[in-house]
Amino acid sequence: MFKKVLIANRGEIALRIVRALKELGVSSLMVYSEVDANTLAVREADEAVRIGPAPSSQSYLNTTTLISAALSKGADAIHPGYGFLAENAQFARLVKEQGLAWIGPDPESIELMGNKSKARQTMQQCGVPTVPGSEGAMRTLDEVVGFANTVGYPVLIKASAGGGGRGMREVMNPGDLENAFNSARSEANVAFGNDEVYLEKLVLRPRHIEIQVLADSHGNYIHLCERDCSVQRRHQKLIEEAPSPALTPELRERMGEAAIQAMKAAKYVNAGTVEFLLDEDNEFYFMEMNTRIQVEHPVTEFITLTDLIKEQVRIAAGEPISFLDRFPFTPVGHAIEFRINAEDHERNFMPSPGMVTALEWPGGPGVRIDSHLYAGYTVPPNYDSLVAKLIVWGNTRSEALDRARRALSEVRIEGIKTTVGFHLKVLESETFIKGEARTDFLERYL
Ligand code: MV4
């Protein structure tokens, strides 16, 4: 096992990783920017080093500084968390070249999955269902027209280097194809420095279903069931749950097997997530693979009784998955995560940084809070607005919903606006209560 791990992140996930390391008996080394000196992760870690000013480009994204901090303080591994450098293959490579362990998949796997059209092509080759469309990237307008005619309208043009919805264009009829192709290409070029695009048939009103996967360096591949992340706003997830109200045990098994296939094709090691679209006929299609631990991992931890961060560390240290004997998992009860952002949901989710003047969290059975907030803490304006995750567990989905209403109404956060009120509103929605929310939920029903 490692002696000391550098945590190249901040906020709730940094604290989450510190906690996992403590339980493993591994020393934690935090890095922090100027405005993060007084954060909980820094206080709770065994050691902390300041790495630069507030802007991420000069702190949490400064690869040279991060590596010298790790080397000078004697760390033997780096955990990147999510966001920042978590899916940066170059950084992962640099870390390994310096003789440090990277707590994540190999740079080759990150690179493969980072190119969405290459990932799609790999899935097509290994028999994982993909949405009908082009084989890999398209070069010419003729090619685009050909594929669009073959699969039929409406179609969706996507950027190869994209993900998270950037560089996408819906095309409803043939007359709009040329303009969409050109504008998707130039947008992708500006955003990613890569104008490659590919085409898929547009899946109408899909659900976003993702499978949590794990693989170790001993050739073991498992999945830990699904998360339903259909409640999103502008490609930002707001609520995630496990299991999905839409999946039968049979569909779970098929999607889980497909996710394992995807992982094997990418020679994937460590924790990852295979994202699928599920259409109105319950057909599923590979969308992309996230090569990191995700924000919403706690709902999976609840229904599988696991600790995914500890597992990531064990795997990176060369140990086999510690709960192989429990696979395949049968989900235990139901878990729902509510992302609490420092945002004013009544003003178009406008960021609301500032000082938290009073803070009270809920407690009681089946409630988990992952948060770096404390009374007197100032939420800086420089980073992501996620300030807490409230996760509830119930024996049934219905109990989880009741518990969610109870727990959210116990939350008291003063000094900043948060999305707590938004979640209480969602919990009154008939569509959400019935488990029928699809990706159009917010625009259509709320
Ligand atoms: C799609 C789609 C419909 N059809 N692909 C959004 C982000 C990017 N990762 C892929 N996305 C989508 N791809 C086809 N062929 C609809 C979306 C999509 C979406 C997917 C999951 C969750 C929320 C979404 C919101 C809008 C669009």
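The legends below describe close-up views of one predicted model. Residues are numbered from 1 along each chain as its sequence is written, and side-chain values use heavy atoms, with hydrogens and water left out. Because the model is predicted, local features need pLDDT of at least 70 and side-chain atom pairs count only at pLDDT 80 or more, while totals for chains, interfaces and linings use all residues.

**View 1. The shell of residues around the ligand.**
Of the 17 residues around the ligand, those that come nearest are K158, E200, K201, V203 and E288, a residue being near a molecule if one of its heavy atoms lies within 4 Å of it. Sorted by class, the shell holds seven nonpolar, six polar and four charged residues; here Ala, Val, Leu, Ile, Met, Phe, Trp, Tyr, Cys and Pro count as nonpolar, Asp, Glu, Lys and Arg as charged, and the others, Gly among them, as polar. Domain 2 (132–201) and domain 3 (207–445) both give residues to this shell, so the ligand lies between them, with domain bounds that come from an automatic or database domain assignment.

**View 2. Polar contacts of the ligand.**
A polar contact is a pair of N or O atoms within 3.5 Å; within protein, one must be able to donate a hydrogen and the other to accept it, and residues adjacent in sequence count only if both atoms are side-chain atoms. An N or O atom in the side chain of K158 is 2.9 Å from a nitrogen atom of the ligand, and a polar side-chain atom of E200 lies 2.8 Å from a ligand nitrogen atom. From V203 it is a backbone N or O atom that lies 2.8 Å from a nitrogen atom of the ligand. Taken alone the ligand exposes 530 Å², of which the protein buries 88%, the areas coming from the Shrake-Rupley method with a 1.4 Å probe. Two or more residues of the shell are given by each of β6 (155–159), β8 (197–201) and β13 (284–290); helices (H or I, at least four residues) and strands (E, at least two) are DSSP runs, numbered from the N terminus.

**View 3. E200 and R120, with T122 in the same helix as R120.**
A salt bridge, meaning a side-chain nitrogen of Lys or Arg within 4 Å of a carboxyl oxygen of Asp or Glu, joins the side chains of E200 and R120 at 3.4 Å, N to O. This pair links distant parts of the chain, with E200 in strand β8 and R120 in helix α6 (residues 116–126), 80 residues apart. E200 counts as buried at 3% relative accessibility, and R120 is also buried, at 2%, where buried means under 20% relative accessible area, exposed over 50%, and partly exposed in between (1.4 Å probe, protein chains only). T122, found in helix α6, is buried with a relative accessible area of 15%, and its side chain reaches the backbone oxygen of K118 at 2.8 Å.

**View 4. Two further salt bridges, D440 with R205 and R412 with E360.**
The side chains of D440 and R205 meet at 2.6 Å, N to O, and this pair links parts of the chain that are 235 residues apart. D440 is buried at 9% relative accessible area, whereas R205 is partly exposed at 22%. In the salt bridge of R412 with E360, the closest N and O atoms are 2.4 Å apart. R412 lies in strand β22 (residues 412–414) and E360 in strand β18 (residues 358–360), so the pair ties together parts that are 52 residues apart in sequence.
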